[in-house]
Every structure is written in structure tokens, then in C-alpha cells.
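Student: I am new to this structure and would like a close look at a single part. Please take me through the aromatic pairs, and then show me how they sit in the rest of the protein.

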Amino acid sequence: MDAVYTLPGGTPVWSRDATLNDSDKSFTVPPGKVWEPVYIAATLQCTATVGNRGLVVRIYDSGGNLVGTTSSVASTAASQNAAIDVGFGNGISGTGAKANVLQISINNGLQTVLPKIYMTAGMYFRVCDPNAVDAAADDLTVELHYLESSR
């Protein structure tokens, strides 16, 4: 008879990275852990450097292969802010409202619902401006909420 493993609800974890002067942040699942993402919110405060920024959330496997991504936020000009909110699972948006569409653009931001997933050790999120207009000076703040279980 094959063994059946189930993951409990896990421990709720909130992680925030507000380190200044970057437009690219990554969060990696540590060894022996499984993450069930619940919500990601990110804001990019853009400098006066000319150029159109975007903002995306990408999910990679432990080998660095892209396995999921959101669409990019609409182009954001210099001295403006870009924002993205991503909710995971069951058609519930990051705000808790039922979402009947996958992407909703709101005031130069993007609200996205992705399917429920389980991320194993070595998988990671990357939140970034794919255009890297002023990567060393723009300020990206990311808040990540997930349930963490031991494997």
C-alpha cells in the first residue's frame, strides 16, 4: 500500500522586504519546508530617471526554470509608483473579494489571482521591474504571506 501524505494548514508567515535602492527581490523556500502562498503585495517607488517600468511576480523551480508568472503592470513613468497584488487559490483576490476575472488593472496597478500552489525547497518568488530602468535607485517593497509546513 502506498503512503499518502497530506500537508496541514501550516504556520502563517508574513515576510516584508523594504530594503532601499533595488527593483528586484527574491524569496526562496528553505530546505525541509513547503510554502503555500496566500498573498503577495509589492510597490515600486520610481525615481526621476526617465523610462517605463513594469512590475511582475515570477515563480521558479529549484533549478531556476520559470514555472509561473503574472502579467506586467502597465508602464509606469518616472517619479510614479507601480503596484501589484497577487492572491493565490480559489478565485479569491488579494483583497478577499471574489474575482471573476484573472487580471484587474487599477490605477497603474495590477491585481491578479493565481491558482493554489505548493512550493517545495529551493523554489522561489522573484518580484521585479523586468525593464530594470533604475535598478540601483528605485525602491521596491514586497510583502509576502504564506503558510509554511515542514516536510
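Tutor: This is a predicted model. It holds two aromatic pairs.

Start with Trp35 and Tyr146. Their rings are stacked, 4.0 Å apart from centre to centre, with 25° between the planes. The cut-off for stacking is an angle under 30 degrees, so 25° qualifies. Now place the two residues. Trp35 belongs to strand β3, which covers residues 33–45. Tyr146 belongs to strand β11, residues 139–150. The two positions are 111 residues apart in sequence, so this pair ties together separate parts of the chain. Are these two residues buried or exposed? Both Trp35 and Tyr146 are buried.

Turn to the second pair, Tyr60 and Tyr124. The ring centres are 4.9 Å apart and the planes meet at 15°, so this pair is stacked as well. It too links distant parts of the chain. Tyr60 is in strand β4 (residues 56–60), and Tyr124 is in strand β10 (residues 124–128). They are 64 residues apart. What about their exposure? Tyr60 has a relative accessible area of 10%, so it is buried. Tyr124 comes out at 21%. Buried requires a value under 20%, so Tyr124 counts as partly exposed.

The strands of this second pair lead to a sheet. Four strands make up an open sheet, ordered β2-β10-β4-β5, with antiparallel pairing. In that order, β10 and β4 stand side by side. These are the strands that hold Tyr124 and Tyr60. What holds such strands together? In general, strands of a sheet pair through backbone hydrogen bonds, in a parallel or an antiparallel way. Look next at the edges. They are β2 (24–28) and β5 (66–69). Each has a single partner strand, so one side of each has no neighbour in the sheet. From one strand to the next, the twist averages 20°. Follow β4 across to β5. These two strands run antiparallel and are joined by three bridges. Here Tyr60 appears again: it stands opposite Leu66 in β5.

Now step back to the whole protein. How many helices and strands does it have? There are zero helices and 11 strands. Read from the N terminus, the elements run β-β-β-β-β-β-β-β-β-β-β. The protein has 151 residues, and 36% of them count as buried. Trp35, Tyr146 and Tyr60 are among the buried residues. The link between distant parts also shows in the contacts. Take the contacts with a separation of 6 or more: residues 24 or more positions apart account for 79% of them. The protein exposes about 8,000 Å², and carbon and sulfur atoms supply 52% of that area.

The loops deserve a look too. Arg53 is in the loop between β3 and β4. These strands carry Trp35 and Tyr60. Arg53 has a relative accessible area of 0%, so it is buried. Its side chain makes a polar contact with the side chain of Asp138, at 2.8 Å. Asp138 also touches Asp22. Asp22 sits in the loop between β1 (11–17) and β2. At 16% relative accessibility, Asp22 counts as buried. Beyond its neighbours within four places in sequence, Asp22 is in contact with Ala135, Asp138, Asp139 and Leu140.

Next comes Lys116, in the loop between β8 (109–114) and β9 (119–120). Lys116 is partly exposed, at 44% relative accessibility. Which residues does Lys116 touch, not counting those up to four places away in sequence? They are Glu36, Phe88 and Gly89. With Glu36, the side chains make a polar contact of 3.4 Å. With Gly89, the C-alpha atoms are 3.9 Å apart, although the two residues are 27 apart in sequence.

Finish with the backbone. Most residues other than glycine have a negative phi. Ser79 has a positive phi, near 60°. Ser79 lies in the loop between β5 and β6 (81–88). Ala132 is not a glycine, yet its phi is positive too, at about 45°. It lies in the loop between β10 and β11. At 40% relative accessibility, Ala132 counts as partly exposed.

Conventions
Residues numbered from 1 in each chain as written. Predicted model: local features only at pLDDT ≥ 70, side-chain atom pairs only at ≥ 80, totals over all residues. Heavy atoms only, no water. Phe/Tyr/Trp six-rings, centres within 6.5 Å; stacked < 30°, edge-to-face > 60°. Buried < 20%, exposed > 50% of the residue type's maximum accessible area, 1.4 Å probe, protein only. Contact = heavy atoms within 4.5 Å. Areas by Shrake-Rupley, 256 points an atom, 1.4 Å probe, with all protein chains shown as cover. Pairing = 2+ DSSP bridges. Axes fitted to C-alpha atoms, helices over the stretch in contact; angles between N-to-C directions. Polar contact = N/O pair within 3.5 Å; in protein donor to acceptor, adjacent residues only side chain to side chain.
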